[in-house]
Amino acid sequence: MKGRLFSVLYMFVLSLIFTSVVSALNVLNKDRIRQNEALRVQGLVLNVLNISPPEKGSAAEMAQLFSRRVRETSLGDRPLYVGLAPDGETVVGYAFPVSGPGFWGPIDAMVAVDPGIQKILGIAFYRHSETPGLGGRITEDWFQNQFRERPVQVPPAGMRFFYLKPPGTAHAPTELDAITGATETSRRLEKFLDEELKKTIPLLLDQKARSRV
């Protein structure tokens with residue numbers, strides 16, 4: 001009887017120790033994941049706002065730069081990041097997240113526009129499930145850089161902000177080169193980006209007119 005009781009208590013204590021260790025690791029990992037995600041967002045925001053972090057800067061330096069040069073607020077139901085000049089007061093741009101369905105899953109991006117909300121400063125597609133080497137190329141610099149300096153005036157009814165055209169055929173300010181072999185990704189990206197901008201740009205203009213950003 002005593003031997004059986006000892007075995008039960010031994011297994012109970014052992015299980016309790018292992019459970020505690022696993023729980024502690026989960027808590028530590030959650031904190032680390034949360035910190036890494038926050039750092040990732042900070043880097044994306046600084047990138048699209050063209051605020052260059054120091055070369056080979058540490059995570060602490062990145063966070064310090066972000067706190068000095070970016071003011072966080074909200075735009076409707078999404079975050080808005082107000083980019084500031086080195087003086088910490090002059091607005092140099094606005095950044096906000098957008099997302100929508102791609103071909104294989106959601107696509108998330110960060111977009112920045114200039115202080116006058118007239119043109120795009122930068123865009124970064126940072127999370128997707130598109131095919132590597134095809135639709136996954138939306139993260140490549142050549143593709144993302146096409147959006148820089150493009151106008152963001154809300155287009156007339158029935159028109160879109162941007163059109164992704166077969167490579168080599170884009171000529172108008174609203175036309176960009178699509179990725180070869182990724183027609184469906186291009187179509188869906190073009191559609192959701194247009195929908196997101198049509199919701200966000202008027203809201204940002206209104207909020208700016210009310211001197212809230």
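This report looks at a five-strand sheet, the helices lying across it, and two buried arginines.

The model is predicted, so to speak a computed one: local features need pLDDT of at least 70, side-chain atom pairs count only at pLDDT 80 or more, and totals for chains, interfaces and linings use all residues. Residues are numbered from 1 along each chain as its sequence is written, and side-chain values use heavy atoms, leaving out hydrogens and water.

**The sheet and its helices**

Let's start with the open sheet, whose 5 strands follow the order β1-β2-β3-β4-β5 with antiparallel pairing. Strands here are DSSP runs of E with at least two residues, helices are runs of H or I with at least four, and both are numbered from the N terminus. Two strands pair if DSSP finds at least two bridges between them. Because β1 (70–75) and β5 (120–127) stand at the edges with a single partner strand each, one side of each has no neighbour in the sheet. On average, neighbouring strands are turned by 25° against each other, direction ignored.

Between β1 and β2 (residues 78–84), which run antiparallel, there are 6 bridges; one of the bridge pairs is Leu75 with Arg78 of β2.

Helix α2 (residues 59–69) lies across β1 and β2, at about 65° to β1. Helix α4 (residues 183–209) lies across β1, β2, β3 (91–101), β4 (106–113) and β5, at about 140° to β3. These angles run from 0 to 180 degrees between N-to-C directions, with axes fitted to C-alpha atoms, for helices over the stretch in contact (heavy atoms within 4.5 Å).

**Two buried arginines**

Arg69 sits in helix α2, while Arg150 belongs to the loop between α3 (141–145) and β6 (163–165). Arg69 is buried (under 20% relative accessible area, 1.4 Å probe, protein chains only) and has no salt bridge (a side-chain nitrogen of Lys or Arg within 4 Å of a carboxyl oxygen of Asp or Glu). Arg150 is likewise buried without a salt bridge. Lys and Arg count as positive, Asp and Glu as negative; His and the chain ends are not counted.

What do their side chains reach instead? The table lists backbone oxygens.

| Arginine | Nearest side chain of opposite charge | Backbone oxygen reached by the side chain |
|---|---|---|
| Arg69 | Asp87, 7.1 Å | Leu84, 2.4 Å; Ala85, 3.4 Å |
| Arg150 | Glu175, 7.5 Å | Glu175, 3.0 Å |

Leaving aside residues up to four places away in sequence, Arg69 touches Ile51, Val82, Gly83, Leu84, Ala85 and Pro86. On the same basis, the contacts of Arg150 include Gln118, Ile120, Phe162 and Glu175.

Methods. Buried means under 20% relative accessible area, exposed over 50%, partly exposed in between (1.4 Å probe, protein chains only). A polar contact is a pair of N or O atoms within 3.5 Å; within protein, one must be able to donate a hydrogen and the other to accept it, and residues adjacent in sequence count only if both atoms are side-chain atoms.
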